[in-house]
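Open the model in your viewer and keep the selection tool at hand. This tour goes stop by stop.

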Amino acid sequence: MSHTTIKDGIDCVISKDYFYKTESYYKLISKEISGKNKVFPSSNDVLDAYIVPVALTRAELAGIPILQWEISSGDVPNPSIVYSVNYFSDPSTYYIVKNREESRKISKHVTNCGKYPLCYQKVPENFEIANFSIFFGEVCTENENIKQIANKIYQTFKIPLINALFVIIDDKIFLSSISPVNVSKLSKEEKSMIEKTLLVD
């Protein structure tokens, strides 16, 4: 299900996900074809956002600090964060590989025995992960760095509701991926923020 609201004269389609061929995706396409009003997000932006290497490349060009990534079809260095990159992959699913045995097992799984590539991000031993839902560039945290990055993510992709996975290394924050929102995992504060914004509009 999706919801349309108007902000600054722009039709904003709000959905927990905008995957290709979903109801939300077709709503965007329909609005773009009608040409009546400008619409956020664009169908191109949502396709880019859910492909980890493409999303990170666009984010880096926009000045957002990202976790460096590589493409592979085999083993990955340890430790690494691993995403699958194929037609059916969901960027909200990732794996943390900590040793050679896990590397072989996970690589085989996410590449479907070598049929598809994977994307990995080498991380140090002392990394931490933080997950936030971003709603029109706003995020429920007191961390000013994450607030600024969240706003830049919104300014870059213009996706009203999206999840961002950050990796924290020695107090520095890097974007690892952006993905659809799992509504069941929204905090009370995040749900309240969304409800308040929709009521104001």
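**Stop 1: a charged pair**

Select Arg-58: with a relative accessible area of 23%, Arg-58 is partly exposed. Here buried means under 20% relative accessible area, exposed over 50%, and partly exposed in between (1.4 Å probe, protein chains only). This is a predicted model, where local features need pLDDT of at least 70 and side-chain atom pairs count only at pLDDT 80 or more, while totals for chains, interfaces and linings use all residues. Residues are numbered from 1 along each chain as its sequence is written, and side-chain values use heavy atoms, with hydrogens and water left out.

Now add Asp-45. Arg-58 forms a salt bridge with Asp-45, and their closest N and O atoms are 2.8 Å apart. The pair links distant parts of the chain, with Arg-58 in helix α3 and Asp-45 in helix α2, 13 residues apart. A salt bridge is a side-chain nitrogen of Lys or Arg within 4 Å of a carboxyl oxygen of Asp or Glu. Helices (H or I, at least four residues) and strands (E, at least two) are DSSP runs, numbered from the N terminus. Asp-45 counts as buried, at 13% relative accessibility. Add Asp-48 too: salt bridges that share partners join Asp-45, Asp-48 and Arg-58 into one network.

**Stop 2: other salt bridges**

How many salt bridges does the structure hold? There are eight. Side chains of opposite charge can pair when their charged atoms come close.

Select Asp-11 and Lys-31. They form a salt bridge, with the closest N and O atoms 3.2 Å apart. Asp-11 sits in strand β2 (residues 10–15) and Lys-31 in helix α1 (residues 23–34), so the pair ties together parts that are 20 residues apart in sequence. Asp-11 counts as buried, at 9% relative accessibility.

Stay on α1 and pick Lys-27 and Glu-23. Their salt bridge has its closest N and O atoms 3.8 Å apart. Lys-27 and Glu-23 are four residues apart in helix α1, so about one helical turn separates them. Lys-27 is partly exposed, at 24% relative accessibility. Glu-23 is also partly exposed, at 43%.

**Stop 3: strand β7**

Go to Leu-118, in strand β7 (residues 118–122). Is Leu-118 buried or exposed? Leu-118 is buried, with a relative accessible area of 0%. Show what surrounds Leu-118. Leaving aside neighbours within four places in sequence, its contacts (heavy atoms within 4.5 Å) include Glu-70, Ile-71, Val-82, Tyr-83 and Thr-111. Gly-74 is another contact of Leu-118. Leu-118 and Gly-74 are 44 residues apart in sequence, yet 8.1 Å apart in space, C-alpha to C-alpha.

**Stop 4: helix α5**

Select residues 144–157, helix α5. At 1.5 Å a residue, its 14 residues should span 20 Å (1.5 Å times one less than the number of residues), and the end C-alpha atoms are indeed 20 Å apart. Colour the buried residues of α5: Ile-146, Ile-149, Ala-150, Ile-153, Tyr-154, Thr-156 and Phe-157. Seen down the helix axis, these fall within an arc of 165° (from the directions of the C-beta atoms), so they line one face of α5. They pack against several elements, among them α3 (52–61), β9 (161–169) and β10 (172–179).

Check both ends. Lys-158, just after α5, takes a positive phi of about 55°. At the N-terminal end, Asn-143 caps α5, with a side-chain oxygen 2.9 Å from the backbone nitrogen of Asn-145.

Conventions
Polar contact = N/O pair within 3.5 Å; in protein donor to acceptor, adjacent residues only side chain to side chain.
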